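Here's a short problem set to work through with the viewer open. Try each task on your own before reading its solution.

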Amino acid sequence: MSRRTRFSQAAVAVSVIALAAVGCGKSSTDTSSDSNKSSSKNSSGYTGKGIGLAYDIGGKGDQSFNDAAYAGFQKAETEFKIGGRDLEPTDGESDADKVQRLEQLAKTGYNPVIGVGFAYAPAIKEVAAKYPKTTFGIIDDEQDKAANVADMVFSEEQSSYLAGVAAAKATKKNHIGFIGGVDIPLIHKFEAGFDQGAKSVNPSIKIESQYLTQTPAEGGFSSPDKGKDAAAGQIEKGADVLYHAAGLSGQGVISEAAAKKVWAIGVDSDQYAQSALAKYKDYILGSALKNVGGAVYDLVKSVVDGKPLSGVVRGDLKSGGVGFADTNPKYKAMTDAVAAVDKAEQDIIGGKVTVNTK
């Protein structure tokens, strides 16, 4: 079965557009003017102003994590006929900036209000307490336990395991690489799954590993040049399949892999299908998918239906919350690799394989 078909109907293709504006309080998209305080009302009786979405580092246009969230935002806007506003981050911003951004959305009447990325955890906690009638969502964090907060998290290690199996099957040198954006526990999950998956195919496979920065503020998720340099170094050492979990920085990994004619594996979105990466797509083996768009859509739907989600909402292989994109015909032609990835998926779902998170 295609990895993409395991995704729920809420999963959507990402449309990439140029950033219209940046900065705290500036919106990339605003389909419901702040000068008009009236609420949206659709056939279900929803009376909020629409969806409020606040992006993570790298912003819209990363072809990955943030764009996946935007895809869910767009789908929900269209399907439920409600408004929406999405706001960009600023470089080196503080938690206070995030609080201001979320509070701006909640005060204006947007519902739900969603923070894309774990960095929003302190801000969500503070603002959700001030607006108990508004539903808040946060991607990639489960610290906030308030009744009006949905913690939308994923089993990234499972999709990364599939990426590791694919990489180990595709390499011609038994030498592959992992490039993480920032050296933090969330990204360690990607590396742990990737390593375990690769070693399930070949226990003696050589795996390069590198983290671009120690903190998000240093640009690990937002610097394609850092990704490009790291990829060049791993390729020079002999790696011929590179997997990145680096957000916008991953574009540099992919471009360098294509330039050196080795495989890259994308993350979060199906990066083979991204128009902005089209010139590199012949070298994108596949992508470890995370259904961020589906999570955004599902939260909006729950609010529109009058039954808002709250607590931990986890996406894994069994639920279709993560997967491995098999869009590239060159990958599909690797029947041995496809079969191995299929088997690995079933083994994880069936409980035969437990994937490491560290």
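**Exercise 1. Decide how far to trust the coordinates.**
Find the chain's average pLDDT, then locate stretches where the pLDDT is below 50.

*Solution.*
Step 1: This is a predicted model, and its chain averages a pLDDT of 89, with 88% of the residues at 70 or better.
Step 2: Now look for weak spots. Residues 1-26 have a pLDDT below 50, yet the model gives this stretch 82 contacts beyond near neighbours in sequence.
Step 3: Residues 32-38 are also below 50, with 13 contacts of that kind.

**Exercise 2. Get the overall picture.**
How many helices and strands does the chain have, and what share of its residues is buried?

*Solution.*
Step 1: Count the elements: 10 helices and 13 strands.
Step 2: Check burial: 59% of the 358 residues count as buried.
Step 3: Take the contacts between residues at least 6 apart in sequence; 70% of them join residues at least 24 apart.

**Exercise 3. Trace a sheet.**
In what order do the 6 strands of the open sheet run, and which strands sit at its edges?

*Solution.*
Step 1: Reading across, the order is 8-7-9-10-11-13, with mixed pairing.
Step 2: Strand 8 (206-213) and strand 13 (322-325) are the edges, since each pairs on one side only.
Step 3: Ignoring direction, neighbouring strands in this sheet are turned by 15 degrees against each other on average.
Step 4: Zoom in on two pairings. Strands 7 and 8 are parallel and share 7 bridges; I176 stands opposite I207 of strand 8. Strand 9 (residues 241-245) also runs parallel to strand 10 (residues 263-268), joined by 3 bridges, and V241 has W263 as its bridge partner in strand 10.
Step 5: Add the helices. Helix 5 (residues 185-201) packs on the sheet, touching strands 7, 8, 9, 10 and 11, and its direction makes about 170 degrees with that of strand 7. Helix 7 (residues 250-259) packs on the sheet too, touching strands 7, 9, 10 and 11, at about 170 degrees to strand 9.
Step 6: Finish with burial in strand 7: 8 of its 8 residues are buried.

**Exercise 4. Find the two sides of a helix.**
Which residues of helix 3 (residues 121-130) are buried, and which are exposed?

*Solution.*
Step 1: List the buried ones: A121, A123, I124, V127 and A128.
Step 2: These residues span an arc of only 150 degrees around the axis, so they lie on the same side of helix 3.
Step 3: That spacing fits helix geometry: an α-helix has 3.6 residues a turn, so residues three or four places apart point the same way.
Step 4: Go round to the other side of helix 3, and K125 and A129 are exposed.
Step 5: Ask what does the covering: it includes helix 2 (95-108), strand 4 (113-115), strand 5 (136-139) and strand 6 (149-154).

**Exercise 5. Follow up one aspartate.**
Is D86 buried or exposed, and which side chain makes a polar contact of 2.4 Å with that of D86?

*Solution.*
Step 1: Place D86 first: it's in strand 3 (residues 83-87).
Step 2: D86 has a relative accessible area of 0%, so it counts as buried; the cut-off is under 20%.
Step 3: Check the partners. The side chain of Y55 makes the 2.4 Å polar contact with that of D86, and the side chain of K60 makes another with the D86 side chain, at 2.9 Å.

Conventions. Residues are numbered from 1 along each chain as its sequence is written. This is a predicted model: local features need pLDDT of at least 70, side-chain atom pairs count only at pLDDT 80 or more; totals for chains, interfaces and linings use all residues. Side-chain values use heavy atoms; hydrogens and water are left out. Two strands pair if DSSP finds at least two bridges between them. Helices (H or I, at least four residues) and strands (E, at least two) are DSSP runs, numbered from the N terminus. Axes are lines fitted to C-alpha atoms, for helices over the stretch in contact, and angles run from 0 to 180 degrees between N-to-C directions. Contact means heavy atoms within 4.5 Å. pLDDT is the predictor's confidence in each residue, from 0 to 100. Buried means under 20% relative accessible area, exposed over 50%, partly exposed in between (1.4 Å probe, protein chains only). A polar contact is a pair of N or O atoms within 3.5 Å; within protein, one must be able to donate a hydrogen and the other to accept it, and residues adjacent in sequence count only if both atoms are side-chain atoms. The arc is that of the directions from the helix axis to the C-beta atoms.
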